[in-house]
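User: I'm new to this one and would like to know what stands behind the labels. Can we go through it together?

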Amino acid sequence: MAIVFLFLGFNFLKGKSIFKSDFYLYAKFPESKGIVGSNPVFINGFQAGTVSKVSASKDLKEILVEIKLNQDYNIPDNSLADINSNPLGTSSVEFTRGKAHKDLSSEDTLITSMTPGFLGMVGSQIKPFAEQAKNTLQDF
């Protein structure tokens, strides 16, 4: 009996449920941006689920993220998934709802987009100045 409670408690802490069927969606990204299992999934700022599993293709060109939603939400099938990386905290997956009339079903694959994180945006702003400084220093 103790083994059963240990098994159930361990799965509960991992965010798995064995008593009800779950609603899963999948998203394929070119990079993981620090996303791992149990990271939050947000829709319009509301935590609607968690990342269940992250795996990579054999050639490491594609990262498959399995998303477990808390319930069967009405998510339009042209919605976008994006990884929101946070250098000071936990990365998350964020959905941007589409406007289609057809909704996603369990085990469907989302359309993904990749926006640069904070460090990527800062790097793109600094790059022109770095190039200019490099050219100026070469003149001396």
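User: Let's start small: which residue in β3 is the bridge partner of P40?

Analyst: That's T50. Before we go on, this is a predicted model, where local features need pLDDT of at least 70 and side-chain atom pairs count only at pLDDT 80 or more, while totals for chains, interfaces and linings use all residues. Residues are numbered from 1 along each chain as its sequence is written, and side-chain values use heavy atoms, leaving out hydrogens and water.

User: What makes β2 and β3 a pair?

Analyst: Strands pair if DSSP finds at least two bridges between them. β2 and β3 have four, in the antiparallel sense, so they qualify. They form a hairpin with two residues between them, and N44 in the turn has a positive phi of about 55°.

User: And how many bridges join β3 to β4?

Analyst: Seven, again antiparallel, with K53 standing opposite E66 in β4. This hairpin has six residues between the strands, and L60 takes a positive phi near 60°.

User: What is the overall pattern along the sequence?

Analyst: It reads α-β-β-β-β-β-β-β-α, that is, two helices and seven strands. Those are DSSP runs numbered from the N terminus: H or I over at least four residues for a helix, E over at least two for a strand.

User: Why is I75 called buried?

Analyst: Its relative accessible area is 2%. Buried means under 20%, exposed over 50% and partly exposed in between (1.4 Å probe, protein chains only), so I75 is well inside the cut-off. I75 sits in the loop between β4 and β5. Its contacts (heavy atoms within 4.5 Å), leaving aside neighbours within four places in sequence, include L25, L69, F95 and K102. I75 and K102 are 27 residues apart along the chain, yet their C-alpha atoms are separated by 8.3 Å.

User: Which residues have the most contacts inside the largest nonpolar core?

Analyst: L25, I67, L69, I75, V93, F95 and L110, out of 21 residues in that core. A nonpolar core is a set of buried Ala, Val, Leu, Ile, Met, Phe, Trp, Tyr and Cys residues joined through side-chain atoms within 4.5 Å. Among the elements giving two or more residues to the core are β1 (23-29) and β4 (63-69). In soluble globular proteins, nonpolar side chains tend to be buried together.

User: Why is V4 only partly exposed, then?

Analyst: V4 has 44% relative accessibility, which falls between 20% and 50%, so "partly exposed" is the right label. It lies in helix α1 (residues 2-13). V4 also forms a nonpolar surface patch with M1 and F5, with about 370 Å² of accessible area together.

User: How do you know that K33 and S38 belong in opposite classes, buried and exposed?

Analyst: K33 has a relative accessible area of 16%, under the 20% limit, so it is buried. S38 comes to 53%, over 50%, so it is exposed. K33 is in the loop between β1 and β2, and S38 is in that loop too.

User: What makes their phi values worth a look?

Analyst: Most residues other than glycine have a negative phi. K33, not a glycine, has a positive phi of about 50°, and S38 has one near 75°.

Note on methods: Patch = residues over 30% accessible without salt bridge, like charges linked within 9 Å, V, L, I, M, F, W, Y side chains within 5 Å. Areas by Shrake-Rupley, 256 points an atom, 1.4 Å probe, with all protein chains shown as cover. Salt bridge = Lys/Arg side-chain N within 4 Å of Asp/Glu carboxyl O.
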